[in-house]
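Reader: I'd like to learn how to read the places where parts of a protein meet. Could you walk me through it?

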Amino acid sequence: MRRAPLLPALIFTIIVTQIPFLLTIFYSLQSWNLVRPGSQQWVWFDNYVSVFQDSQFRGVALNTVIMTLGSVLIALVLGLVLALLLNRHFIGRGVVRTLLVTPFLITPVAAALLWKTTLLDPTYGLINFVLSPFGVGEEAWISDFPLASVMVALIWQWTPFMMLLLLAGLQSMPTDQIEAARMDGAGAWAIFRELTLPHLRRFIELGTVLGAIYLVNTFDAVYMITQGGPGTASANLPFYIYQRAFLGFDIGQSAAMGVVVVVMTIIVATFALRLVFRSFGAAEGSN
Amino acid sequence: MATTTERGPATATSEPADQEIRRSTRTGPVLLTTLTWILAIGFFFPVLWMVLTAFKTEGDAQSSPPTFVFTPTFEQFATVFDAGIGPYLANSLGATVISTLLVLLLATPAAFALSMRPVEKTQDVLFFFISTKMLPVVAAIVPIYVVVNNVGLLDNIWTLIVLYTAMNLPIAVWMMRSFFLEVPSELLEAASMDGASLGRTLREVVLPIISPGIFATALICVIFSWNEFFFAVNLTSANAGTMPTFLVQFVTSQGLYFAQLSAAATLAALPVIIAGWVAQNKLVQGLSFGAVK
Amino acid sequence: MAEVVFDEASRIYTPGATPAVDKLSLTVNDGELVVLVGPSGSGKSTALRMLAGLEPIDQGHLRINGRDVVDVPSKDRDIAMVFQSYALYPSKSVRDNMAFPLKMRGMDKSEQSKRVNDAADILGLTEYLDRKPKALSGGQRQRVAMGRAIVREPQVFLMDEPLSNLDAKMRVQTRAQIAGLQNRLDVTTVYVTHDQVEAMTMGDRVAVLNHGKLQQYATPSELYDHPVNAFVAGFIGSPAMNLMDLRRANGAVTLGGTQVPLAREVADAAGSADTVTIGVRPEDLSIGGDGDGVKAVVDVVEELGSESYLYAHMAEHPDTTLVVRGPGRTKVRYGETIAVRVDPDAVHAFDASSGERLGS
Ligand SMILES: Nc1ncnc2c1ncn2[C@@H]1O[C@H](COP(=O)(O)OP(=O)(O)O)[C@@H](O)[C@H]1O
Ligand SMILES: [Mg+2]
C-alpha cells in the first residue's frame, strides 16, 4: 500500500526506458535497412560479427573512452584547483562563482558552435589571437586536433560542475578538524594530503561517475564541432551509431552497436554504481 | 552638513593605528585572489565573447585581430527573429515546462514513498532509477525512432515531452527523496497524532518544508530539457523542433556567420543561464542526486 | 480520565533479536504521572511510542480505559505527545501550531482560538502567538510543544525526554512547571527520561527499565529505599550506591578487615552462596573520628558547600572504590587515609549472580 505512490513513476520509467532496450536487442538480430523496404529479415548474430570486425567501430570505441575519461579527469583536476581557490574568503567570491558556473549552464549546442567559430577558428578565432604572442600562427585546431578540440569544449563545460561539487565537499569539511591539525603542527600541504583529499574522496568519486554518465553520451559537441571527422578521427559511439542509423538507415547494425555499448556500459557502471552507493546511497537508505 | 565634515577627519585622526582591525599584509592571499579572478574571467570570457559578438556587425565579428571596440547593433538579432525562431522557442518552452510539471507530478509521490521508513526494496528501486541514467541513450534511439515513426508521432512535441520526462525523472526522484529525508520523522508522527490524514500532512506540514527543494528540482529539469539535443535532432524537424535544433538549422541554412550565429546562440542559451544563476546554490544538490547537502 | 495498562506488551524490531520492549506489564492510574526511566537504549521511547500508536505492539496487549488499542491508529487513541525535538511545524505560527490538532478534529474556530488562548496564557506564550518556531528560544519552543498537547485536552499525555534540549537551569524550572501543570490538569501522563533525578522529582511512580525489561515499578522513595535488584540500586541515586561483591563468613561480610553483620533474613535468603553483593549509599557511610572503621585512601574530594563527597579506594584492596558523603567544608584532603564506618542497618544485599535483592 505504501508503495502505491511509487508505481506511476516506476511504470512510466520502465515503459519509456526499458522497452526500447528490449526492442534494440530484437532489431540487432535482424538485417533491416530503412531505405530498402521489405529488407527486414532474421540474421541472428551476423550484425554482431560485423560490429566486431569493424575496425572503425573499435577506433570509435577507443575515442569514446579517451573522450570520456580524459574530459572527466582533466575537468576534475581543474575543478579541484578552482574549488580550492574559491574555498577562501575574498572580495567578490559570489561573483566569481557565478562567472565560473556559467559554462556549465550554456546550451551544449551553443557552446559547441561558440568553440567551433569564434574561439577556435584559424583566422578569426580568439584562441589563436591570444596565443599569437607565443608564436602560434593560424593553427587550424579543429582539423589538426579534432578530438582534442571537442574535448576542450567538454572540459570547459564540465569543469564548473566538478568545481561546484568539490566546493560543496570542501565546505562540508568540519573546520575543527583543520584547526586541530594546524595545532598538531601540520602544514598546508600535509593538511591537504592527510585530511582534505580523504574527505573529498567520495565527492571525487561522485564527480567521476556523474561526469562519465553524461559525457559518455556526448553527442552535441561532436555533431557541431567536427561531425566526427576527419574520417572517424573524432567520432564517438553515440555519433557513430547515429550516423549508421540516421544517415545509413541501417537499423540492424546500429541496434547491434547499441547493444554492445550497453553491455560495455553495464560492466563499467556496475563498478561505478557500487562506488556511488557505498559513498552515499546505502548509508541513508537502510534506516 | 558642517558637523559631518568636521567629524570626518576628527575621528580619523583620533583613532590610533593599532586600534584598527589588523588586516593581513601578506601578499599570498592577494596573489591567490588575483589568480582566482583571472581564471574565473578566463572561464567566463567565451560566454561574454559570444554575447559581444552577437552585437557586432559581421565585419567586426570576423576580423583579424579580433575587434574589441565596436558600435553595438541589433541587426543580428533581427536576422535571427526573421529566420523564424518563434515556433522553436515556443516548442522549447512547451517541452520544458510540460515535461517538468510531469516530472514533479510523478517524482513527488515516488520520492515520498521512497523516503518513508521501512519500505522494503528501497535500495533496489533507487538503484533501478539511477541505472536508467547509466544506459547510453544511443542504444535506445533506434527503436524509439522506429516506434515513434510507426505511430505517427515523429516531429511531435509530445514525443519530446514524454522522453524528457523519462530523462529527468530519475534525477528528480533522487533529489526529492533527499529533501523528504530532511523532514524529521517526528514531525510526521506529530501530525498523525494530531489527527491529520496523509494528504493533509503532505499539504500542510511537508510541502512548506520541501518547497525550496521542489523549486530546485524543477529548475534542474528545466535546464536539462531546454538544453537537450540528441532526441530533438533525431525525432523532430520543422514542427516540433526546439532551440538547439533551431541553432543547427539556422547555421545550416544561413552559413557560419559568426555574429548572427552568436546572436542565435545567445538567445538559445540565455534562459537557462539565468535559471542556473538563480539556482546555483541548489544546483550541486540536484546534480549530485541530493547526495551533497 | 484514563487508565493505561500495558499487559505483557512487546516490541520486536528484528525477529530473533532481543525485544526492544520485553513483556512490559504496567498500570498507570487515572491522573497519575508515571516516569519511565532507564539508560539509553533500554526501550523507554519504544514503550512510549507503542502507547502513542507509533510503533506496533508485536505481542501482548495495551489497554486505555479497558479498551484494547492494539489495532487503534494513534489519531483515534486520544493521546497527545510532546516530542524530544518538539516537532513543531516550521511553516506555521505558534498559534497555528497549537490549533493544528483542533483544526484536524474539525473543531469550530471560536472554540479553537479560545483553547489556544487559554493554553498560551497558562504557558506564558501569549505574546509569541504570531511568531514562527524559528524565532523562539529553546524553552519557548518546548512550551509551544506542551501547548499543542494540552489544547487537545487528551486522555493521556506522553512526553519523551521533553527537557533534554534545554540548559540545566531551564531544565529545573520547566521540570517543576510540567509537574505543576500535570497536577492541575490531572491528566494521566507518561513521561520518559534517562535522568533519574528528573524521574525521582517528577514521578508519582517510576518504572525503571533495562534492556527492554521492567526492573521495578514503585514510588520514588520505595525505589530509593528498597531497590529490588542491584541494577535499580545502582541506577537510582546520585552519587550512585556503592556496590561491592564481598565474601561472606558466618552471618557477616568482611569489608576491608571490618565485619559487617548481615540481617538474619538476608543470610537466610543468601543460602549457601559464599559471596554477596553489598550496597551502601554514600550517605550511609561516615568518617569515623576515632580512626575506627574501614581504611580508605581519598582520591578526589568533591566539595559542594553544604556537603562533600569523598571518592576513595580501600587501603587493603585498592581495586575496591567507595564514595562517602562527608560534611560541608571538609578538612579531608587528597591522599589522606580515612576510616569509613558503615551503618549496618542501611546495608542492602543482593544475590551476587542474579542481582536480586536478598531479604526485605
Ligand atoms: N527503528 C528501530 N529499528 C530497530 N531497532 C530499534 C529501532 N528503534 C529503536 N531500536 C532499538 O530498540 C532499543 C530501545 O530503543 P529506545 O526505545 O529508543 O531506547 P531509549 O529510548 O530507552 O533510549 C535499542 O536497542 C534500539 O537500538
Ligand atoms: Mg529515547
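Reader: How many salt bridges are there between chain A and chain B?

Author: A salt bridge is a side-chain nitrogen of Lys or Arg within 4 Å of a carboxyl oxygen of Asp or Glu. Between chain A and chain B the count is 0. Keep in mind that this is a predicted model, where local features need pLDDT of at least 70 and side-chain atom pairs count only at pLDDT 80 or more, while totals for chains, interfaces and linings use all residues. Side-chain values use heavy atoms, with hydrogens and water left out, residues are numbered from 1 along each chain as its sequence is written, and chains are lettered from A and ligands numbered from 1 in the order in which they are written.

Reader: Which kinds of residues make up the side of chain A that touches chain B?

Author: Here Ala, Val, Leu, Ile, Met, Phe, Trp, Tyr, Cys and Pro count as nonpolar, Asp, Glu, Lys and Arg as charged, and the others, Gly among them, as polar. That side of chain A has 66 nonpolar, 19 polar and 8 charged residues.

Reader: And how is the size of an interface given?

Author: Often as the accessible area lost when the parts come together. Buried area here uses a 1.4 Å probe and is summed over both parts. Chain A and chain B bury about 8,700 Å² between them, with 80% of that on carbon and sulfur atoms. As for contact, meaning heavy atoms within 4.5 Å, 93 residues of chain A meet 99 residues of chain B.

Reader: What about inside one chain? Into which domains is chain B divided?

Author: Domain bounds come from an automatic or database domain assignment. For chain B, that gives domain 1 (2-12 + 24-75) and domain 2 (80-287). Their C-alpha centres lie 35 Å apart. The contact takes 11 residues from domain 1 of chain B and 12 from domain 2 of chain B.

Reader: How much area is buried between domain 1 and domain 2 of chain B?

Author: About 780 Å², and carbon and sulfur atoms give 71% of it. On the domain 1 side, B:Met50, B:Glu58 and B:Gln62 supply 55% of the area buried against domain 2 of chain B, more than any other three residues.

Reader: How many salt bridges does the rule find across that domain interface?

Author: The rule finds 0 salt bridges between domain 1 and domain 2 of chain B.

Key:
Buried area = accessible area lost by both parts, 1.4 Å probe.
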